[in-house]
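Trainee: Pick one part of this assembly and take me through it closely, please. I'd like to hear how the pieces sit against each other, then how that part fits with the rest.

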Amino acid sequence: MDVMPKWAEVILVPLISLLLAAILSALVILAIGEDPVAAVKLMVSGALGSTYGWGYTLYYATNFMFTGLAVAIAFHARLFNIGGEGQATLGGLGVALACLYIPWPHWSLALVGATVMAGLFGAAWAAVPAFLQAKRGSHIVITTIMFNFIAAAVLNYVLVNLMRPAGSMDPATARFPEAAHLPTLHDMLTPLGISFSKAAPANVSLLVAVGACILLWVLIWRTKLGYEIRAYGHSESAAKYAGISPVKITMVAMLISGALAGMMAINNVMGEAERLVLNAVEGAGFIGIAVALMGRSHPLGVFLAAILFGFLYQGGAELALWTSIPRELIVVIQALVILFTGALDNMVRMPLERMFLAARMRRAPKPDRKPTTPAQ
Amino acid sequence: MDFLALIDLSVLDSTVRLATPLLLACLAGLFSERAGIFDIGLEGKMLAAAFFSAAVAAITGSVWLGLLAGIAASLALSGLHGLASITFRGNQLISGVAINFLAAGLTVLIAQDWFSQGGRTPSLFGGGRFEGITLPFAETLRAVPFFGPLYYELISGHSILVYVAFAMVPGTWWILFRTRFGLRLRAVGENPAAVDTAGVSVVGLRFAAVGICGILCGIAGAYLATGLQAGFVKDMTAGRGFIALAALIFAKWRPWHALWATLLFGYLQAIALRPDIIEGALGFQVQVQLLDALPYILTVVILAGFVGKAIPPRAGGAPYVKER
Amino acid sequence: MTASDTLGRQETAAPAIELKGISKAFGPVQANKDISIRVQPGTIHGIIGENGAGKSTLMSILYGFYKADAGEIFIAGRKTDIPDSQAAIAAGIGMVFQHFKLVENFTVLENIILGAEDGGLLKPSLSKARKTLVELEQEYGLNVDPDAVIQDLGVGMQQRVEILKALYRQADILILDEPTGVLTPAEADQLFRILGRLREEGKTIILITHKLREIMETTDTVSVMRRGEMTATVKTAETSPAELAELMVGRKVLLRVDKKPATPGEVVLDIKGLRVIDEQGVERVKGIDLQVRAGEIVGIAGVAGNGQSELLEVLGGYAVGTGDIVVSGQPLDLSGKHSDGQSRRRSGIAHVPEDRQREGLIMDYHAWENTAFGYHRDPAYSKGLLMDNAAIRRDTVGKMERFDVRPPDPNLAAKNFSGGNQQKIVLAREIERNPDLLLVGQPTRGVDIGAIEFIHQQIVALRDQGKAILLVSVELEEILALSDRVAVMFDGHIMGTRLSAETDEKELGLLMAGVGA
């Protein structure tokens, strides 16, 4: 039986894990001769102290919502998609094609078109590993990693040989036309009388990401498909008994996952860079893993964790700018979050369970009230 | 077309060099996975070892101290993986992913702190590197047709770590199939309950295996930074840990097959560096991006099982929980 | 005075094993409560009790698998600490687990030396073990090919390897946990002959079982456990099955199922020439013909692993097969697009699977989510693309009431119910679909006796409504009690079909061993 109440499992365990990761990160900062308290202050003021900082924090958070949801939906089907990086790379290609080769009359239509293309390209890139997992049992963790490397090579080829404007030395596409320009938070908030930094890249994609969180929540917890995905994730043998096809669920979950990762491109490629460059994803696909673990694969959790990582990312950039702490600190924090929430979770959970058990024993001196016996 | 041109002695020579870190990492994974612990953190362990070996070699001027430091760093990460996946029965895949990121971040962070060269170590020279060893009679036998150049170019002239790596193949075989430790190690990867009820510690065995994995990854990383290249650069492992895993599956977790599999990948990496030879052999130009991606594509093909079905150790990836 | 005190011949000797006041809790559950027991050397001592009574926990403590919270262990009169299996082996205890602890792709010899090697190299250990094996073979008549690979051996042979493993470690005390669950009656008899031989050689044997017959036939003394407590220790010769059953359950139990004679109607299930090849390419069902009529229960008897599971899986739509199966006049698709569980349910087939924890339930799902499991696409449970969770919850409340599921809380996760209540949830879900054909696999495995009676009544009630029921069980008693007709499977074939009123355990036992027909 559950020893811990649900709120402890859902809130306490991730929070303590985060705290442990924070303490270790502080030690790392100390070890390289910097002051952790000053570093946190700098991060907070840099990421949350101005609408400029918020604009970047939310911009990064938008990326991480998409990739975090991508990892989360795969987790529900007990699939580990480490290929968000490659899927987002391909999503960028889809966005670039949509923006450069279709004459959109208005940004809103361009956004819809680009979102569809980004999703399609991302899903297509997830389809091969998904198919190989479903049909041939190829380990999806390794195949998706390989597809990240292959995606980088594909993008390199496309940018250098196919989409580079004539005469340009830069491996990047041409700028997207004006009609494909997405309104930033500045553009959206000014009519409402709220002043927001003009320079920050946060844009309307944030709303798409929030919408994706809500839709995914409905999908996972309210639809028949979500019921089947979760059932398959809990027990493949039971899913088979119930007539839920493992092949179908693996494919569908991975296609949704790839599409979500790909859709990130409407934010970074269409909303920010407004052209496709090499390495546009910048590790956001990997951060999605930490976000999904931190958010316990729940869309609300992913939303909150994405904002937390947006803050860390922007704060980390500020640190790199003003101190000798390199940006890689964020990779270390990300690693620690993944470690504590995903792999060492029992280290946190076991003492907690003992505490709750002891507390309950004190309250109810007669413990044998359950018919359940885990023994035997 | 002239396919024979693809078998160029200098390409084969770099095949051996490039296969060495793959082989060491592959054998490292073999020990770990044979004991039932999946390890996708080979990449991170190699990377950490590469950095610390290069850093210590740069500071002390001794490549041997560097090697020790590399092994120590890799072992520390192994310990972490063991803690997560053996002691606390966590998710082995996620632990491996975390270790890869931890190594990727920490190496640059520390490199920047120690050397301020944008995440690299200073270039190594002299005693800071593993130099090639000329084997006995290599010079004298050089004139012998066929075997002379083969011995001189291909077999002689590598660094000591290359010979260590190749010697580890029969070594691993012997340990696994001829010793008590090997019997228990294989058993714990197949059915840990059998080992446990026989009164042998599952935890101890698995930590030993993970430890060996750490040492071998340490040597692999040290070879990358102090043998193959002269210093550490950011993300220098470039997916070798994952390729080693693919080779391990291709090799069906057997030492001799691991040798052939990693030589194949080593060859692909070596030939990718020589587009001129490929063009000469095939008669047309091959995109450099395709050549770069070739090892990864081959990995996918192997995993897809087009080269035979691989059955992993039965208890692999699952934490051991006592049950009656 | 306990019964063992009065056992004549070893009155002066110290007990081989003595446990004093052993207690063990798993979290809030008290698995063993203040248990004391004495076992005299050179005897066979039975421990009997229902599922979850704490028998296995007690033996696991004795074998060093768990550490007792309180209590002492004495081996041959000496107080002994058993912190791990190593210590148990050193104290001369060997254990044959219900699920064998063998390395499947190792040879017999490798399995035997594992953990008991001599020195760091394998060769000397292997040759020493080979010699010892020959000696043991002569001493106890336990012959087995030392170079055979475990996965090629039958379960009976594998069990023999387990016994040899213990003897190779010079065990004086041998614990066997439910040793006959996977054996044919003939193999079980052979096992008991071996145990008798071991007793003659002075070994002490503890036999854990839930089968009264085995206790009565083989043991010298027997202890009964109930809900973690030792309720009695008696001499086997001085007790009766009825008394033991009452001690086990704490009340009088009905050992027979009350049912009227069947009135079979039309053929509902008609199987012709069914073959099933599993994923490893092994043929599991080798061309069987079988009919089940409306209003009758047909039981499939057989030792586990003779094709019964595959038969259920094909009928349930999650294994592919060849041949012809007709249900209520409609042919089933056995390997094509419609060979899935959803199509089967639409064809009027409901299925209580053999393993409720692996198949029948999602253990982490709430009871209400499990009520819809497999029927989650039913229009009654949906609102468009969405699931109608409120409707499912309402339905669950009713089902829990009608099937007496305790506690009747639809929001409790399946894993938090006892085995019997989990099975009732599955049964409620499947029976209330009002199927033409109900498949039932191991309906009472791991279920307490109170729930067994209820479950059996429900199955009989469905038969009396004129439904066809195909029952698979490895418990011969259950097959005989429930079925109207019995078909015996052996090695993928049906060895014979009998009216249960006209057959007995002995005849069926022979068929189960592949003899006769």
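Mentor: Let's go for the pair of domains in chain C whose C-alpha centres are 35 Å apart, domain 1 and domain 2. Keep in mind that this is a predicted model. The assignment builds domain 1 of chain C from two stretches, 3-92 and 172-249, and domain 2 likewise from 254-348 and 435-517, while domain 3 covers 360-434. Where domains 1 and 2 of chain C meet, 10 residues of domain 1 are in contact with 11 of domain 2. On the domain 1 side, the helices α6 (185-200) and α8 (241-249) of chain C each put in at least two residues. By class, that side has 6 nonpolar residues, 3 polar ones and 1 charged one.

While you're in chain C, have a look at its open sheet: 4 strands, paired antiparallel, in the order β2-β1-β4-β5. Its edges are β2 (29-39) and β5 (78-79) of chain C, each with a partner on one side only. For a detail to zoom in on, take β1 (17-26) of chain C, which runs antiparallel to β2(C) through 7 bridges. Lys24(C) faces Asn32(C) of β2(C) there.

Now put that domain pair beside the one in chain A. Domain 1 of chain A is again split, into 1-34 and 328-359, and domain 2 is the stretch 51-323. Here the C-alpha centres are 26 Å apart, and 12 residues of domain 1 of chain A are in contact with 11 residues of domain 2 of chain A. Two helices of chain A, α1 (6-31) and α15, each bring at least two residues to the domain 1 side. The biggest share comes from α15(A), with 8 residues. That side of domain 1 of chain A sorts into 8 nonpolar, 3 polar and 1 charged.

That same helix of chain A turns up again between chains. Chains A and B each put 35 residues into their contact. On the chain A side, α15 (328-343) is among the elements that give two or more residues, along with α5 (107-136), α6 (140-163), α13 (284-294) and α16 (345-363). The chain A side of this contact has 25 nonpolar residues against 7 polar and 3 charged.

How far should you trust chain A? Its mean pLDDT is 91, with 96% of residues at 70 or more. The stretch to be wary of is 366-376 of chain A, where pLDDT drops below 50, though the model still gives this stretch 29 contacts beyond near neighbours in sequence. Coordinates in low-pLDDT regions shouldn't be read in detail.

As for the partner, chain B has 13 helices and 0 strands. The unreviewed UniProt entry marks several transmembrane regions in chain B, including 158-177 and 257-273. In the model, residues 158-177 of chain B are 90% helix and 0% strand, with the end C-alpha atoms 29 Å apart. For 257-273 of chain B, the helix content is 94%, strand is again 0%, and the ends are 25 Å apart. Chain B's C-alpha atoms fill a box of roughly 65 × 50 × 40 Å along the principal axes. Its radius of gyration is 20 Å, which agrees with a compact globule, because a globule of 324 residues would come out near 20 Å.

Key. Residues are numbered from 1 along each chain as its sequence is written. Chains are lettered from A and ligands numbered from 1 in the order in which they are written. This is a predicted model: local features need pLDDT of at least 70, side-chain atom pairs count only at pLDDT 80 or more; totals for chains, interfaces and linings use all residues. pLDDT is the predictor's confidence in each residue, from 0 to 100. Two residues are in contact if their C-beta atoms, placed from the backbone, lie within 7 Å. Ala, Val, Leu, Ile, Met, Phe, Trp, Tyr, Cys and Pro count as nonpolar, Asp, Glu, Lys and Arg as charged, and the others, Gly among them, as polar. Two strands pair if DSSP finds at least two bridges between them. Domain bounds come from an automatic or database domain assignment. UniProt positions are given in the numbering used here, feature names are shortened, and annotations may be inferred rather than shown by experiment. The radius of gyration is taken over C-alpha atoms; the globule rule is 2.2 Å times the number of residues to the power 0.38.
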